[in-house]
Every structure is written in C-alpha cells, then in structure tokens.
Amino acid sequence: MAKRNSNNNRRATSAIGRSLRNADCLIAAAAGFFIIWMFARYSGIGISPDSIMYASTAQNLHDHFSIITFNGKPLTFFPVFYPFFLSIVIFISGGANPVSAGPVINGILFGAVIFLSGWITTRFKSPSLVYKWLILLAVLLSPAMLQIYMYLWSETLFIVEILIFVIVYRQYLQTHTFKALAVAAIVAAIGCSTRYAGVTLVGAGGLLFLIDRDLHGKKKLV
C-alpha cells in the first residue's frame, strides 16, 4: 500500500514538473493568440479568393453536407479537410460564420504552433531554457508567421499538423509499435487532405524508414 502511494506521489510530482516546464509555452501561446486577435479585432481576418472557397464550402458542409463552393460548383482545386475543419467550428460555435470567427480560429491555431514548438524543444537530448525562449520568441514575432495567421488560409492548420507529425513520428521511433505508426500515418493522411504539400509528410516518413538503424531491411520493406 505504501509502495503504491509512493508511486502515485511520484507520478503526481512528475506531472506537476512537466506542467511547470511548459508554463512558459502556455504564456507564449496566450500571447500569440492575443496578437492575432488584436490585429484582426477591427478589420477582421484577411480574405483572399482561396478563403472564399474555403468559407463557402465549410458553410455548405455544415448546412447541406456537400462540398459545394459559393458558385454552386464542387470544390476541386483544394483538398477538403480545411473546409471540413471550418464546418466543425461552425457546428461547435452554434453557426458562427468562419470569416467572423477567423480571429479566434487563427489565434488558437497560432497559439498551438507556439506551444508545440516549445514543447518539442523540451524533448531535445540537451534541452536549453534560453534556446527554448529564443524559439518561442522567433515564432511569436515572425513576420511570415503573423502574415499567414492573419488570413483564412489552410496553411494555418497545416503548420499545426506538421508539428503534430514530428511529435507522433518521434514516438514511433522510440517504440516501433504498429499503434504509433498508425497514428503517424493518420496524421500524414490528414496533412495530405489539408494541402497537397502534405505529400511531403509521406516522403519524409519514407526517408526516415530508410535511415532508421533499428529497423532491419525486411521490416522496412513490410
């Protein structure tokens, strides 16, 4: 009984330690959300022809469960997952238009990018707090990133998916289990369904298979 309590206390202490270690990531993520929300507070989120396609398709997915754009034609130029993601947001928010909800959507996604970037640096073999803070500041203040997250573009979701792929594939490299591989494959598939550039995740996974020293040739082939 005492041993079980000791293990429980150790797990609780470890969980608290991990939470404190990522507290700066949460603070930076909150700052990123505030920056996007503040910039888009008055003028709204940026709109391009692609954004109109995404928003109209998302609305039709929510209302009629069809991938029809504003011009009455099926969505063919772009993958469907980002409009599907926006339709889920419409459903959760109770019918909010993706354009009007854009500052909140992009603020959350930008915060997720910042948090995941910091979380990844804490998993380095020799983590450095100063380096971690520099990474967080670089992402938070990056003009390129801020420009992307000021528009209703699929890149905002795709960047998050890339970081998630890095995390789940690392888990596979550590365990080499089918479950971990399946999760990585699902993330890569979602990435391909978000942007055509998601095929790079498939290519990257294949190359990592080839250079993985812990896998034998026959297992790599399978």
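W37 sits in helix α2. The model is predicted. The exercises below start from this residue.

**Exercise 1. The nonpolar patch**

Find which helix gives the most to the nonpolar patch, and decide whether W37 is buried, partly exposed or exposed.

Solution.
- Step 1. List the members. F34, W37, M38, F39, V104 and I108 make up a nonpolar surface patch.
- Step 2. Take the area. Together these residues have about 550 Å² of accessible area.
- Step 3. Assign helices. α2 (23-39) and α5 (102-121) each supply at least two residues of the patch.
- Step 4. Pick the main contributor. α2 gives the most, with four residues.
- Step 5. Classify W37. Its relative accessibility is 31%, so W37 counts as partly exposed. Patch members need over 30%.

**Exercise 2. An aromatic pair**

Work out how the rings of Y169 and F209 are arranged, and which helices the pair ties together.

Solution.
- Step 1. Start with the total. The model has 12 aromatic pairs.
- Step 2. Check the geometry of one of them. The ring centres of Y169 and F209 are 6.2 Å apart, and the planes meet at 75°. Ring centres must lie within 6.5 Å, and planes over 60 degrees apart count as edge-to-face. The pair is therefore edge-to-face.
- Step 3. Place the residues. Y169 belongs to helix α8 (residues 155-175), F209 to helix α10 (residues 199-211). The pair therefore ties together parts that are 40 residues apart in sequence.
- Step 4. Compare exposure. Y169 is buried at 4% relative accessibility, whereas F209 is partly exposed at 22%.
- Step 5. Look elsewhere. Y54, F78, Y82 and F85 are linked by ring pairs into a cluster.

**Exercise 3. A histidine in a loop**

Locate H176 and find what its side chain contacts.

Solution.
- Step 1. Locate the residue. H176 is in the loop between α8 and α9 (178-194).
- Step 2. Classify it. H176 has a relative accessible area of 18% and is buried. The cut-off for buried is under 20%.
- Step 3. Find a backbone partner. The H176 side chain reaches the backbone oxygen of L173 at 3.3 Å.
- Step 4. Find a side-chain partner. H176 and D212 are joined through their side chains by a polar contact of 2.7 Å.

**Exercise 4. Cysteines**

State how many disulfides the model has, then classify C25 and C192 by exposure.

Solution.
- Step 1. Apply the cut-off. Two cysteine sulfur atoms must lie within 2.5 Å. The count is zero disulfides.
- Step 2. Classify C25. At 0% relative accessibility, C25 is buried.
- Step 3. Classify C192. At 27% relative accessible area, C192 is partly exposed.

Technical notes
Residues are numbered from 1 along each chain as its sequence is written. This is a predicted model: local features need pLDDT of at least 70, side-chain atom pairs count only at pLDDT 80 or more; totals for chains, interfaces and linings use all residues. Side-chain values use heavy atoms; hydrogens and water are left out. Rings of Phe, Tyr and Trp (its six-membered ring) pair if their centres lie within 6.5 Å; planes under 30 degrees apart count as stacked, over 60 as edge-to-face and the rest as tilted. Buried means under 20% relative accessible area, exposed over 50%, partly exposed in between (1.4 Å probe, protein chains only). Patches are made of residues with over 30% relative accessible area and no salt bridge: like charges are joined within 9 Å, nonpolar side chains (Val, Leu, Ile, Met, Phe, Trp, Tyr) within 5 Å. Accessible areas come from the Shrake-Rupley method with a 1.4 Å probe; for residues, only the protein chains shown count as cover. A salt bridge is a side-chain nitrogen of Lys or Arg within 4 Å of a carboxyl oxygen of Asp or Glu. A polar contact is a pair of N or O atoms within 3.5 Å; within protein, one must be able to donate a hydrogen and the other to accept it, and residues adjacent in sequence count only if both atoms are side-chain atoms.
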